[in-house]
Amino acid sequence: MDNYLQIIVSPLLKWYGTHRRELPWRLDKDPYHVWVSEIMLQQTRVEAVIRYYERFIEALPDVKSLSRVPEDRLLKLWEGLGYYSRARNLKKAAEIIMCDCGGVFPDTFAALMKLPGVGEYTAGAVASICFGEKVTAVDGNVLRVAARVTGSRENVLLPAVKKKTEAQLLEVLPDDAGAFNEAIMELGETVCLPGGAAKCGECPLRGVCSAYREGLTGELPVRVKRIKRRQEQRTVFLFTSDNGRVAVEKRPDKGLLAGMYQLPNVEGFLTEQEICAAAEDWGLQVREILFLREAKHVFTHLDWLMKGYQVKVARPDGHFLWVTPDECQEKYALPTALKHFASFPTGL
Ligand code: ADE
């Protein structure tokens, strides 16, 4: 099998056999215990979770008691953990288990996924740890270990990269998928730490780790946050004249699309009245306004959400360059963003 991750399975399981932490939710494989712990662990470190977990299980020892707990009491038990929707979803899921499943904990990945607050990671963890289902449970720790071992420079924050890692891990999952999933998470939490904190000297995978071999532990995994692009609304004008010409203009020499020719456009979505006013400001006399279409263009830092209008005008003036459609296509290459409006449909 051409899957480099195959090489980690056996040393990882062996390491886990001797380094597995004794944690209160590992005393048995009760899905209620594992589920509550996995939800608590989602945004909180293991050391911080332990005492919350113990108090929670003591107060609410099973699904039934959780399904009946008053909201105030529930939130009090959760106080300090933050992200309170996690607690509310736990109770909602417990109610569903009591009502719709006869109090029996769902025992497959697919059934677990239907519970509120349970995503692929949690469903994978519970299904594999408690029921031995061969499914992955990929969190940030797992992505880090996999990226370092394989030396992947792909951005682990991209859903597609997570999907690929899941698929690769699924291929090599051993029979005890639960132990493997916990082992790789544990390695990420205790040894294969983020940034420069990795304890490679203690790592059972050091001998097969590409990042270690190439000195890239500090660089991997690559985590590039998607830039939040500004959304800008624009109105685009396809001004057309009686003699079959179209108005184009040159953009400023600096900035976005510097120096390119464009169809005139302004910020905001203009009403027909505003379109008339804008045209008049440019010395144009509007005969007819026809809505063409909406379009979106994605720049690096900016999205243009555009509405385009064909505006038939009389008295084209000197403010714009008035060109024939052929000239426009051949001489004044328009930016892709504006091509949506330049198929020159009506009356040209
Ligand atoms: N972090 C979150 N869940 C975990 C688990 N089941 N084992 C090890 N680390 C974890």
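## Largest pocket

Helix α11 gives the most to the lining of the largest pocket, with five residues. The model is predicted. About 540 Å³ of space lies in this pocket. Its lining counts 23 residues, and Leu41, Thr44, Asp139, Asn141 and Glu189 are the closest to its centre.

Four elements each give two or more residues to this lining: α2 (31-41), α3, α8 (120-131) and α11 (177-190). By class, the lining of the largest pocket holds 10 charged, seven nonpolar and six polar residues.

## Second largest pocket

The second largest pocket holds about 200 Å³ of space. Here α9 gives the largest share of the lining, four residues. Among the lining residues are Gly140, Asn141, Leu143 and Arg144. Val138 and Asp139 line this pocket too, as do Val156, Leu157 and Lys162. Pro194, Pro221 and Arg223 also belong to the lining.

The lining of the second largest pocket divides into six nonpolar, four charged and two polar residues. Two residues link the descriptions of the pockets. Asp139 and Asn141 are among the residues closest to the centre of the largest pocket, and both also line the second largest pocket.

## The enclosed cavity

How many cavities of 30 Å³ or more does the structure hold? There is one. About 100 Å³ of space lies in the largest cavity. It is lined by 14 residues. Nearest its centre lie Arg148 and four cysteines: Cys192, Cys200, Cys203 and Cys209.

Which helix gives the most to the lining of the largest cavity? Helix α9 (residues 140-150) does, with three residues. The cavity lining has 10 nonpolar residues, three charged and one polar. Helix α9 thus appears twice: it leads the lining of the largest cavity, and it gives the largest share to the lining of the second largest pocket.

## Helices α9 and α11

Helices α9 and α11 pack with their axes 8 Å apart, at an angle of about 85°. The two are therefore roughly perpendicular to each other. From α9, the contact takes in Asn141, Val142, Arg144 and Val145. They meet Ile184, Met185, Leu187, Gly188 and Glu189 of α11.

The residues of this contact divide into five nonpolar, two polar and two charged. Some of them also turn up at the pockets. Asn141 and Glu189 are part of the contact, and both are among the residues closest to the centre of the largest pocket. Asn141 and Arg144 of α9 also line the second largest pocket.

## Helices α3 and α5

At what angle do helix α3 and helix α5 pack? The angle between α3 (residues 46-59) and α5 (residues 71-78) is about 155°, and their axes lie 9 Å apart. That makes α3 roughly antiparallel to α5, because angles over 145 degrees count as such.

Helix α3 brings Tyr52, Arg55, Phe56 and Ala59 to the contact. Helix α5 brings Arg73, Leu74, Lys76, Leu77 and Trp78. By class, the contact of α3 with α5 has six nonpolar residues, three charged and no polar.

## Domains

The protein is divided into domain 1 (4-214) and domain 2 (230-341). How far apart do the C-alpha centres of domain 1 and domain 2 lie? The distance is 53 Å.

Conventions. Residues numbered from 1 in each chain as written. Predicted model: local features only at pLDDT ≥ 70, side-chain atom pairs only at ≥ 80, totals over all residues. Heavy atoms only, no water. 1 Å grid on protein atoms, 1.4 Å probe; cavity = no way out; pocket = protein on both sides within 12 Å on 5 of 7 lines; lining within 4 Å. Points joined across faces, edges and corners; volume = space filled by probe spheres on them. Nonpolar A, V, L, I, M, F, W, Y, C, P; charged D, E, K, R; others polar. Domains from an automatic or database assignment. Axes fitted to C-alpha atoms, helices over the stretch in contact; angles between N-to-C directions. Parallel < 35°, antiparallel > 145°, perpendicular 65-115°, else oblique. Contact = heavy atoms within 4.5 Å.
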